[in-house]
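Here's a set of short exercises to work through with the model open beside you. Try each task yourself before reading its solution.

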Amino acid sequence: MKRVGPFVLERRLAPSRAAVIGVSVLAVLAALLVMAIIFWGYGVSPWHAYATIAKSTLGSRYGLMEILRRTIPLLLCGVGLVIAFRSQFWNIGAEGQLLAGAVAATGVALYSGIPAPWLLPTMFVVGFLAGAVWGIIPAFLKVKLRVNDVITTLMMNYIMIYIVEWLIHGPWKGPTMRGFAYTDTFPKAAWLPTLPLSRVHWPTLVIGLVAAVLAAFILARTRLGYEIRVVGESPDAARYAGINFLRVSLWVMILSGGLAGLAGVGEVGGIHHKLLSPVQVSVGYGYTAIIVAWLARGSPIAAIMTAALFGLIFAAGDVIKVALRMPFQVTGVFNGLILFFLIGVELLMYWRVRLAPKGERWTGKAGSSES
Amino acid sequence: MDWQSWLIGIVGRALAFGTPLLWGTLGEIYAERAGVVNLGVEGMMILGAFSAFAVAQSTGHPGLGIMVAAVVGGVAALIHAFLTVTLRANQYVSGLALTMFGLGLAGLLGRGWEGIPLRQPLPDVTIPGLAKIPLLGPMLFEGQSILTYAGLILAVVLWIILYRTRWGISIRSVGESPATADALGVNVFLIRYLCVMFGGVLAGVAGGFLSVDYRPSWTEGMTAGMGWIVIALTIFAAWDPLQAIGGALLFGALYHLSYRLQAWLPPELLKLMPYAFAILVLAIAGLGGAGRRRGAPGALGVPYARGEK
């Protein structure tokens, strides 16, 4: 306990739900405030900027649909990262795992010759597996050789980015694309259905929502979920309890990578209908999903909300680009700011401020009773 | 002698390409030796690259550009230091945020500067006398950047400071066991702040080298993952400034080879080589260390709070 003027600061062991939400909202507001300064510095009136963004995203059906379509990959990757972060596995590789899924889906769509009704389900299954494979390599290296997971998952992103570049410039370059670095367009049977007059490929959205619920169930109610949580919260206890780290890490990364892979299937099958430059397939969904997961604080269900929030930010990025003529990188700046503030105010959640009881006198000893 | 000119070319270019890696790695080594991981190297480098280019282009002084890049890198690192040392935030997440922020901000500000060649790049330097040594002379001392020489000297100086001075003992003890260091009267917070900021300064210079010297121009995302290679190199070099020279040279050569071999292999596949190699190298280091993290500071990644436990 610390006394500051007429107040006392009390430490609490677990933050209350209200504190978590309050502090998170505070962080987002602070980021919006700094962003306003950046708009102003760029010569765009912040008031005008936010009004335009609000009107063109939340204020129109097209805008809402765009938010939804941006939410889909963020949700799938975000749920996967929630699982990974719960076990203290630092999967920074959702971007590469997403692209792995996109590559696999493209391969199936263009070259497998699987008949129509089975084509889309096969794309999803193969996309999941590709993402999972891209994810378990770092898991294996981490558990077996103690190679830092942040670095391996990140390097795997770059490797996959260049594999995609190679495919679209080389062996998979579409003969009908007149020299552009794309594959051919998928046959219609490999196009995901969309909601009318939008780019919302709803089957992927449904998969994302189901994945969030399933992930919540796995984490809370199954043996694997229990082991994931123990490994994450107390590795020593996990070791003592004889939990198999390799098995847990592999499952975590199969799920985490696989879900990101599904997001990749959705992007090529639902939006682009071909494989193209990696920065176009994913505009940084895999990296942004890290914030989605961090903001969700270990809850896959909360990730639905946070994914939608960042879906909104991406949709806003499009508006900023078109209506305000500012580059799309604004979203990157904003994402970084939100993350800074989120972790910056984290300490606040663990302190409660209240008025000091009357008559209690500062003795100087109170400070040392803090645990 | 054909093989000689080939070798001279490879080593010379490896030195040039290894320079930003060396500067970045030396900085990260100091930050991590004090116990703070900074995954924001990529962000600090790109901010350094942009600010160096913008200043060099508008003033005509590339040296001034490098200095500004150093300051910008240091200020960017200050954010990380404040969040992780004072607010005790998660170091991984803070670093990632710094990278996202840096890449975004540099892309945003750099919009109008893209594709312009720099009017006055940093001049290359040939060291008189030493350049006359057969084979070694043209390999090491001819037409290299002043930052290449400075980086090599810096590595030696930083090694001496780390292992042979009181400052070095303080830094290492703060990274190994901050509570003990604190009890002995070492200012843990100050040292962590200084080391993280020093890391940022060097990362800024590394970025500046790219935009005013190596490829005197500004392109969005021109650091292309080098900041992450730096973090891998820090582990690979076992947090030792002298070993960082070897690591930077090795990866410099690899980057260079990925251009050289384009006649035989598709360029896209060559470009992924350094990243694949980084994983391979760390895996081999993991095998060799028999699972122990050789040389890693004991309190790496752990925030320090006075009076707790």
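**Exercise 1. A residue in a helix**

Leaving aside its neighbours within four places in sequence, which residues is A:Ile338 in contact with? Then work out where A:Ile338 sits and whether it is buried or exposed.

*Solution.* Keep in mind that you're looking at a predicted model.
- Step 1: find the place of A:Ile338, which lies in helix α14 of chain A.
- Step 2: skip anything within four places in sequence, and the contacts of A:Ile338 are A:Ala27, A:Val28, A:Ala31 and A:Ile291.
- Step 3: check the sequence separation for another residue, A:Met35. It is 303 residues from A:Ile338 along the chain, yet their C-alpha atoms are separated by 9.7 Å.
- Step 4: count C-beta atoms. A:Ile338 has 28 others within 10 Å, and the cut-off for buried is 20 or more, so A:Ile338 is buried.

**Exercise 2. Two chains, two size checks**

Describe the secondary structure of chain A and chain B, then hold each chain up against the globule rule.

*Solution.*
- Step 1: take chain A, with its 15 helices and three strands. Its radius of gyration is 23 Å, close to the 21 Å the globule rule gives for 371 residues, so chain A is as compact as a globular protein of that length.
- Step 2: box it up. Along the principal axes, the C-alpha atoms of chain A fill roughly 85 × 60 × 30 Å.
- Step 3: repeat for chain B, which has 13 helices and two strands. Here the radius of gyration is 19 Å, close to the 19 Å from the globule rule for 309 residues, so chain B is as compact as a globular protein of that length.
- Step 4: the C-alpha trace of chain B spans about 65 × 45 × 40 Å along its principal axes.
- Step 5: look at burial. In chain A 49% of the 371 residues count as buried; in chain B it's 54% of the 309.

**Exercise 3. Where the chains meet**

How many residues of chain A are in contact with chain B, and which helix supplies the largest share?

*Solution.*
- Step 1: count both sides: 37 residues of chain A are in contact with 41 of chain B.
- Step 2: list the helices of chain A that each give at least two residues to its side: α5 (116-145), α6 (149-169), α12 (285-296), α14 (330-344) and α15 (346-349).
- Step 3: pick out the largest share, which is the twelve residues from α6(A).
- Step 4: sort chain A's side by class, and you get 25 nonpolar, nine polar and three charged residues.

**Exercise 4. Into the core**

Which residues touch the most other members of the largest nonpolar core?

*Solution.*
- Step 1: of the 223 residues in this core, A:Cys77 and A:Ala303 touch the most other members.
- Step 2: ask which helix gives the largest share; that's α9 (residues 188-214) of chain B, with 16 residues.
- Step 3: follow A:Ala303. Beyond four places in sequence, its contacts include A:Leu75, A:Gly78, A:Ala212 and A:Val292.

**Exercise 5. A helix pair**

At what angle do α2 and α3 of chain B pack, and what lines their contact?

*Solution.*
- Step 1: α2 (residues 41-59) and α3 (residues 62-86) of chain B pack at about 150°, with axes 7 Å apart.
- Step 2: the crossing of α2(B) past α3(B) is right-handed.
- Step 3: name the residues that meet. Among them are B:Gly43, B:Leu47 and B:Phe53 in α2(B), and B:Ile66, B:Val72 and B:Ala76 in α3(B).
- Step 4: by class, this contact has 14 nonpolar, six polar and no charged residues.

Terms used: Residues numbered from 1 in each chain as written. Chains lettered and ligands numbered in written order. Predicted model: local features only at pLDDT ≥ 70, side-chain atom pairs only at ≥ 80, totals over all residues. Helix = DSSP H or I, 4+ residues; strand = E, 2+ residues; numbered from the N terminus. Rg over C-alpha atoms; globule rule 2.2 N^0.38 Å. Buried ≥ 20, exposed ≤ 12 C-beta atoms within 10 Å, placed from the backbone. Contact = placed C-beta atoms within 7 Å. Nonpolar A, V, L, I, M, F, W, Y, C, P; charged D, E, K, R; others polar. Core = buried A, V, L, I, M, F, W, Y, C linked by C-beta atoms within 7 Å. Axes fitted to C-alpha atoms, helices over the stretch in contact; angles between N-to-C directions. Left-handed = near helix turned anticlockwise from the far one by under 90°.
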